[in-house]
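This report describes an interface between two chains and the surroundings of one strand. The structure is shown first, and the description follows.

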Number of protein chains: 2
Amino acid sequence: MERPASGTAAPRQRLDLGLDAAALTARLVDIPSVSGTEEPLADAVAEALAGLDWLRVDRFGNNVVARTELGLDQRVVLAGHLDTVPVADNLPSRLDDEGVLWGLGTCDMKSGVAVQLRIAATVPRPNRDLTFVFYDNEEVEAERNGLGWLAAAHPDWLEADFAVLLEPSDGQVEGGCQGTLRVLLRMAGQRAHSARSWMGVNAIHAAAPVLERLADYRPRRVEIDGLEYREGLNAVGITGGVAGNVIPDACQVTVNYRYAPDLDQERALAHVHEVFADCGVAEFVVDDHSPGALPGLSHPAARAFLEAVGGQPCPKFGWTDVSRFSALGVPAVNYGPGDPSLAHRQDERVSTESVLACERRLRAWLGG
Amino acid sequence: MERPASGTAAPRQRLDLGLDAAALTARLVDIPSVSGTEEPLADAVAEALAGLDWLRVDRFGNNVVARTELGLDQRVVLAGHLDTVPVADNLPSRLDDEGVLWGLGTCDMKSGVAVQLRIAATVPRPNRDLTFVFYDNEEVEAERNGLGWLAAAHPDWLEADFAVLLEPSDGQVEGGCQGTLRVLLRMAGQRAHSARSWMGVNAIHAAAPVLERLADYRPRRVEIDGLEYREGLNAVGITGGVAGNVIPDACQVTVNYRYAPDLDQERALAHVHEVFADCGVAEFVVDDHSPGALPGLSHPAARAFLEAVGGQPCPKFGWTDVSRFSALGVPAVNYGPGDPSLAHRQDERVSTESVLACERRLRAWLGG
């Protein structure tokens, strides 16, 4: 036995990969997998894939990686996370009369996982080598993210020319993603009673040049691989003040810089320093920093993908796991069934038609 | 019986007004009177004054007012509060070898109350009619202030040409006081995800003109009755922000205007509105407003007072009860024994010499 038996383990769930992607989505939804409790679903996925003799299957914790080893000249990754946000009285799944499947994870992203499994099961001779990545803990803090753990422990498992994350993107290709940097700008002053304000130095007033600079800032618009990235430099928080009758000696502005993926982290931070260079900032503190990811749409594998799936690619503004692939040198895009604005909602749902369409288009690209 | 007997009442305390002002201070300190518990001290003061047949004594709650009725052409008030801040292991009083009296209220302001009582007891034929005011709840929120309640219920008891508050002022005359106005300036915006900042309106950025205006503001210096008042207009607080990835829809700047007493409340508020008129403020909210008080040092009674006590008068910057007299049309100053910087401290103290000097000077002014 690979794992010790446990008295509390749920009975093993079996997945029938002969179902269509929509029906398979419902089966996946009905194996709950809130972040941190993905084991039964990871077991079911690993077991289903183990029956496919054209795949090599590896496992690391509750992360499962399956790959063809056909010696083709290109390799692409199809990736998806197994976990969901917490249950909100939206399990089990329910299919309505209009072909809409309701329930936790239908949209984000068990429909994408179902498409991955269907491609794995039904395209034994693809035109490119394929790597299927199923990972845990995407919906929680970044340190727990299974893709991050895989990248650190087994970067070779993720090597590829191109990656598709099957996150809900409404069937649109979302290329790359912006970086995000949060910096605390601290202004200093000197306390005094506000009735004798000339005895002090007002740190809130000292923030005036910072806010002015922000108000006047003209963010870049950058075109990369035909996608336009719109940057933003914004105060997302400000706090200062001691009491209603005290000249404050400290004021802190929290600035968020969302930057196009032509900048790396170092250059993004340097830019923020430059913008506020002469604003009298006493201290810069980096609060949070995640790099962007280039869309990589000029790569032949990506171009073929775009032709196969159609539509106009658009940039991804929020930060997503595509940037983890980008950090490994693998251009990546989001492309999956489901409306992303329905993710994390109690009334999460996906149309079965969009799931089947996604499967169809990926199959066409991969020569299945 | 005027008051119902109470099983928990402390035994009645008696004050000997034949003691000198320093010894009397010690007796007053040893009758604890934290705000809200002034009754035993008010009883003792009222009883001691009742024995002086040249005074008419009135009482309202724990506020005691005693007055001569000699028909003189001027009337002056000597006022002091009976209460103290909470006990901090600094009772009973203790006189050290260097003539310094230690304990709660020695400085703020039972030494001043002792001087009042000594003048009341020993100047039966003053050169001006005298009104002695002893009031409660000065150290707590303004609504409980006994002088405020007296002014509302019995304004005639407070009628006078001039008033001296015997608050600790280190034997200096502090004339009038500044007004203080606190206004909340609210900036509005529109929320959006910070990765799509162009979809929102940043309310923190909208505060830039307000902070700029504050940073550039040149406060007035105003001379009144020979005293220079320095104004101040300051941010004392700022708050804004929803989350680290959200363009904030609200930002609030708390501004404190300390203004010279040549402005009344209406004009002070109008000034703040003018200063920020074109700064895009969505809402002005008055948080707190107390008027200033003119020093009134040009009045004959005040001039005679200044001559008698000597020294160089200076303006009072903080807000004090002199402005309550001012609101009643009675010019008022602070003048009392004790170093005001020792008030509210565990090691509060007063030199007996300063108490005796204060009594001497007031007696000289009043022809005792």
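A residue is called buried when its relative accessible area is under 20%, exposed when it is over 50%, and partly exposed in between (1.4 Å probe, protein chains only). The model is predicted, so local features need pLDDT of at least 70 and side-chain atom pairs count only at pLDDT 80 or more, whereas totals for chains, interfaces and linings use all residues. Residues are numbered from 1 along each chain as its sequence is written, chains are lettered from A in the order in which they are written, and side-chain values use heavy atoms, with hydrogens and water left out.

**Strand S2 of chain A**

Helices (H or I, at least four residues) and strands (E, at least two) are DSSP runs, numbered from the N terminus. In strand S2(A) (residues 63-67), 5 of the 5 residues are buried, so the strand is largely enclosed by the rest of the structure. Asn63(A), Val65(A) and Arg67(A) point one way from S2(A), Val64(A) and Ala66(A) point the other way, and all are buried. In a regular strand, side chains alternate between the two faces of the sheet.

Two strands pair if DSSP finds at least two bridges between them. The pairings are listed below, including one between the chains.

| Strands | Sense | Bridges | Opposed residues |
|---|---|---|---|
| S1(A) (residues 56-60) and S2(A) | antiparallel | 5 bridges | Asp58(A) and Val65(A) |
| S2(A) and S6(A) (residues 129-135) | antiparallel | 4 bridges | Arg67(A) and Thr131(A) |
| S13(A) (residues 232-241) and S13(B) | antiparallel | 5 bridges | Ile238(A) and Gly240(B) |

S1(A) and S2(A) form a hairpin with 2 residues between them, and Gly61(A) in the turn has a positive phi of about 60°.

**Interface between chains A and B**

Contact (heavy atoms within 4.5 Å) links 41 residues of chain B with 41 residues of chain A. Buried area is the accessible area (1.4 Å probe) that two parts lose on being put together, summed over both. Between chain B and chain A this area is about 3000 Å², of which carbon and sulfur atoms give 60%. In chain B, Trp198(B), His205(B) and Ile238(B) lose the most area to chain A, together 20% of what that side buries.

The elements that give two or more residues to the side of chain B that touches chain A are helix H5 (208-216) and strands S13 (232-241), S14 (246-247) and S15 (250-259) of chain B. S13(B) gives the most, with 10 residues.
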